[in-house]
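Here are some notes to read with the model open beside you. I have kept each point short, so you can follow along residue by residue.

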Amino acid sequence: MSATHPKNNRLEDERMARTSKSAAALLLAGLSCLVLSGTANAFTDIQNDPGKASILDLKQRGIVHGIGNGQFKPGAKVTGASAVTLIVKGLDLNIDNIRFVKKPKASQYFSKIKDNAPYASAFMIAQLNGLDIPRDIDPSANVTREQFAHWLFQGISAKGEFAFTEQYILLADEDSVTKNYMNSIQKLLIANIAELDARGKFRPKEAITRSEAAVLLDRAIEFVEKTKPIPVPDPGKSILSDVKLTSAPLADGVTKVTLTATAPHPGYGIEVSNISFIGSAAVIDYRVVQPDPDKMYPQHVATVKTETYIPAFYKPVLGSATASVDSGASTDAATGGSTGFPIDE
């Protein structure tokens, strides 16, 4: 057996040491690249922007991507195309539960949206999720703060029915708010998604900036993720409970009939939907009056009622619930009163 020469052992040790140092250097270089890459991918123009945290959160979620060259341009205005795309993507709105006989096109709903536009599908999804976007919207025009707030709240509503506390927040410039947008703005303020400036103003008619839009959307996403929606009632079951019928005689051979019920909150109502005279009985059917979506209601159970009148020689009998109606819908004469983003441009 031949012995290993000491010189050879020393050379081998030196070679292994050099290899270990090279491997360590490569590893260190790799880690440095990762750190530098993360820094390079951060936006360079948001360091002093009040919306920095929200912008970075949306970036991490893959919702915003900036405009290139490491910039986000937080003070730039948001167009209709960017606003709708931002809300649809941020809130993950979709039309997966809708079945179409024929594939819908954005041009069916909007006169100035081309079907091949990159944002066309976002507009179509927004429309089918109940966002109140004007048919003649110009996708390249700037969007105001009240418009964005209104669409954002409707996007939140598409994710479920959420309860809001009963309060009204005073705006120093509320006379400037479009009437149909006030409820949406109030709900966003109540939920701490939106906020007023130091002077108590919302500045509804100002064009919303990319930073402002990012903050509102980021807070809206957090609200939807952390807030449990009100359970949706069984379609086959009336939302009213403990429905009762009482009657009392009036003059001239007339009987006054009153229906009362318990509702989830006072926004609901009850009304008579039909009266069937069968033999000596007057069978009185009823239906639910849905809450006005543009109003705010206290979230507590309430007693609702409606009244009607029948000839005294008929015995009133409680019938069954029929299809509900929207608040304010016209009724027939038999019913009594009822209470009733990738932001890329």
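1. Let's begin at the largest pocket, where α5 is the top contributor to the lining, with five residues. Please keep in mind throughout that this is a predicted model. The elements that give two or more residues to the lining are α5 and α6. In all, 28 residues line this pocket, and the space inside comes to about 630 Å³.

2. Which residues lie nearest the centre of the largest pocket? They are F153, S157, E161, K187 and P293. Sorted by class, the lining is made up of eleven nonpolar, eleven polar and six charged residues.

3. Stepping back to the whole protein chain, you will find seven helices and six strands. Reading from the N terminus, the order is α-α-α-α-α-α-α-β-β-β-β-β-β. The chain has 345 residues, and 38% of them count as buried. Its accessible surface is about 19,700 Å², with 54% of that belonging to carbon and sulfur atoms.

4. Now for the interior. In soluble globular proteins, nonpolar side chains tend to be buried together. Here the largest nonpolar core holds 60 residues, and those touching the most other members are L91, I133, F148, W151, L152, I156 and I193. Two or more residues each come from α2 (52-60), α3 (80-90), α4 (120-128), α5 (145-157), α6 and α7 (210-226). The biggest share is from α7, which gives eight residues.

5. L152 is a good place to look at this core in detail. Leaving out residues up to four places away in sequence, L152 touches I87, L91, L188, I193, L216, L217 and A220. There is also a second, separate core of 16 residues, with I270, I284, Y286 and V288 among them.

6. One of the contacts of L152 is L188, so let me follow that residue next. L188 sits in helix α6, which covers residues 182-190. Is L188 buried or exposed? Its relative accessibility is 1%, so L188 counts as buried. Setting aside residues up to four places away in sequence, the contacts of L188 are A149, L152, F153, I156, I193 and A194. You may also like to check A220: its C-alpha atom is 8.4 Å from that of L188, although the two residues are 32 apart along the chain.

7. Over in α4, the buried residues are worth selecting as a group: A120, A122, F123, M124, I125 and A126. What covers these buried residues of α4 includes α3. Just after α4, have a look at the backbone of G130, where phi is positive, at about 90 degrees.

8. That glycine turns up again when you look at Q154, a residue of helix α5. Beyond its neighbours within four places in sequence, Q154 is in contact with N129, G130, L131 and D132. Why does Q154 count as buried? Its relative accessibility is 15%, and the cut-off for buried is under 20%.

9. To close, a suggestion for a single view: show α5 together with the largest pocket and the largest nonpolar core. This helix gives the most residues to the pocket lining, and α5 is also one of the elements that give two or more residues to the core. F153, one of the residues nearest the pocket centre, is in turn among the contacts of L188.

How values were computed:
Residues numbered from 1 in each chain as written. Predicted model: local features only at pLDDT ≥ 70, side-chain atom pairs only at ≥ 80, totals over all residues. Heavy atoms only, no water. Helix = DSSP H or I, 4+ residues; strand = E, 2+ residues; numbered from the N terminus. Buried < 20%, exposed > 50% of the residue type's maximum accessible area, 1.4 Å probe, protein only. Contact = heavy atoms within 4.5 Å. Areas by Shrake-Rupley, 256 points an atom, 1.4 Å probe, with all protein chains shown as cover. Core = buried A, V, L, I, M, F, W, Y, C linked by side-chain atoms within 4.5 Å. 1 Å grid on protein atoms, 1.4 Å probe; cavity = no way out; pocket = protein on both sides within 12 Å on 5 of 7 lines; lining within 4 Å. Points joined across faces, edges and corners; volume = space filled by probe spheres on them. Nonpolar A, V, L, I, M, F, W, Y, C, P; charged D, E, K, R; others polar.
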